[in-house]
Amino acid sequence: MTILKMKLKNDKIYIKVSGGEYFTIPKNGTYELDIYEGMELEYDEIPHIRMRAYEAAAKKSAVNALRRGFLSEGMLRDKLLKKGHKKRFINYAIAYCKEYELIDDKRFAKITVNSLKLKGKSKRYILDALKKAKLKNKTIDRVSHLITEKSEVISLKNAIRKYYKIYENKEKRNDYIIRTLMRKGFKYDSIKKLLDKYRPHKN
């Protein structure tokens, strides 16, 4: 059996073999395959070629997604599902990314926590962000100790300082600040306590 013609159409490559039959592979599934027009192959090789092509396509999609952004395993799985990859090939791509340390949920969680702490986010906001990133509960539990009471107080103080200035022309400034910071995940009692003590620096 000989490959007579390979034609790209939409997201697939249609491969015509001698005897008039066709089979398809994904368009980005050939970069790891040595396949070309005029190539001789056995009929029972076709399922293996197709499987290799779909694995390669899922792996390439995963690597491309990771080049564009910092992702957790769950986020990457969602992206691959949306691209139409089947679960078995997604599992193959995820295993490849783990083997070469392209994804690591523990590392992702630590970096996310530290980044959001630097931005002054509340503990509730940070934990919600980790859940939205599709991290497992046990992974979140392992990094929750990084969000200390001290860091929460520092974040809240910085937020109060910021919104004290933003709402400086409001009649009920403290009420605006409290509502805003509660929406951002800070607790009412903590906000009220620090806000009552806050004294802005005068220029």
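Asn-10 is exposed in this predicted model, with a relative accessible area of 66%. You will find Asn-10 in the loop between β1 (3-9) and β2 (12-17). Its backbone deserves a look too: Asn-10 is not a glycine, yet its phi is positive, at about 55°. For context, most residues other than glycine have a negative phi. Glu-101 also has a positive phi without being a glycine, with a value near 55°. Glu-101 belongs to the loop between α3 (87-99) and α4 (105-118), and Glu-101 is exposed, with a relative accessible area of 59%.

Here are these loop residues in a table.

| Residue | Loop | Phi | Relative accessible area |
|---|---|---|---|
| Asn-10 | between β1 and β2 | about 55° | 66% |
| Glu-101 | between α3 and α4 | near 55° | 59% |

**The sheet**

The strands on either side of Asn-10 lead us to the sheet. Three strands make up an open sheet, ordered β1-β2-β3, with antiparallel pairing. β1 and β3 are the edge strands, each pairing on one side only. From one strand to the next, the twist averages 25°. Helix α1 (46-68) packs on this sheet and touches β2 and β3, and the direction of α1 makes about 20° with that of β3.

Looking at the pairs one by one, six bridges hold β1 and β2 together in the antiparallel sense, while β2 and β3, also antiparallel, are joined by five bridges. Lys-12 of β2 is a handy landmark: Lys-9 stands opposite Lys-12, and in β3 the bridge partner of Lys-12 is Pro-26. β2 and β3 form a hairpin with four residues between them. In that turn, Gly-19 has a positive phi of about 105°. Why is β3 described as largely enclosed by the rest of the structure? Because four of its five residues are buried.

**Helix α1 and the loop after it**

Next comes the helix that packs on the sheet. α1 has 23 residues and spans 33 Å from its first C-alpha to its last, close to the 33 Å expected at 1.5 Å a residue. Its buried residues include Ile-46, Ile-49, Ala-53, Ala-57, Ser-61, Ala-65 and Leu-66. Charged side chains appear in the list as well, among them Glu-55 and Lys-59. The buried residues of α1 pack against β3 (22-26), α2 (73-82) and α3.

Between α1 and α2 there is a loop, and Ser-72 is found in it. Is Ser-72 buried or exposed? Ser-72 counts as buried because its relative accessibility is 0%, under the 20% cut-off. A polar atom of the Ser-72 side chain lies 2.4 Å from the backbone oxygen of Ala-133. Leaving out residues up to four places away in sequence, Ser-72 touches Asp-105, Phe-108, Ala-133, Lys-134 and Leu-135.

**The largest nonpolar core**

Further along the chain lies the largest nonpolar core, which has 14 residues. Those touching the most other members are Leu-156, Ile-160, Ile-177, Leu-181, Phe-186, Ile-191 and Leu-195. Two or more residues come from each of α7 (149-166), α8 (173-183) and α9 (188-197), and α7 gives the largest share, five residues. Leu-156 shows how this part fits together: beyond its neighbours within four places in sequence, Leu-156 is in contact with Leu-181, Phe-186, Ser-190, Ile-191 and Leu-194.

Methods:
Residues are numbered from 1 along each chain as its sequence is written. This is a predicted model: local features need pLDDT of at least 70, side-chain atom pairs count only at pLDDT 80 or more; totals for chains, interfaces and linings use all residues. Side-chain values use heavy atoms; hydrogens and water are left out. A nonpolar core is a set of buried Ala, Val, Leu, Ile, Met, Phe, Trp, Tyr and Cys residues joined through side-chain atoms within 4.5 Å. Buried means under 20% relative accessible area, exposed over 50%, partly exposed in between (1.4 Å probe, protein chains only). Contact means heavy atoms within 4.5 Å. A polar contact is a pair of N or O atoms within 3.5 Å; within protein, one must be able to donate a hydrogen and the other to accept it, and residues adjacent in sequence count only if both atoms are side-chain atoms. The expected span of a helix is 1.5 Å times one less than its number of residues. Two strands pair if DSSP finds at least two bridges between them. Axes are lines fitted to C-alpha atoms, for helices over the stretch in contact, and angles run from 0 to 180 degrees between N-to-C directions.
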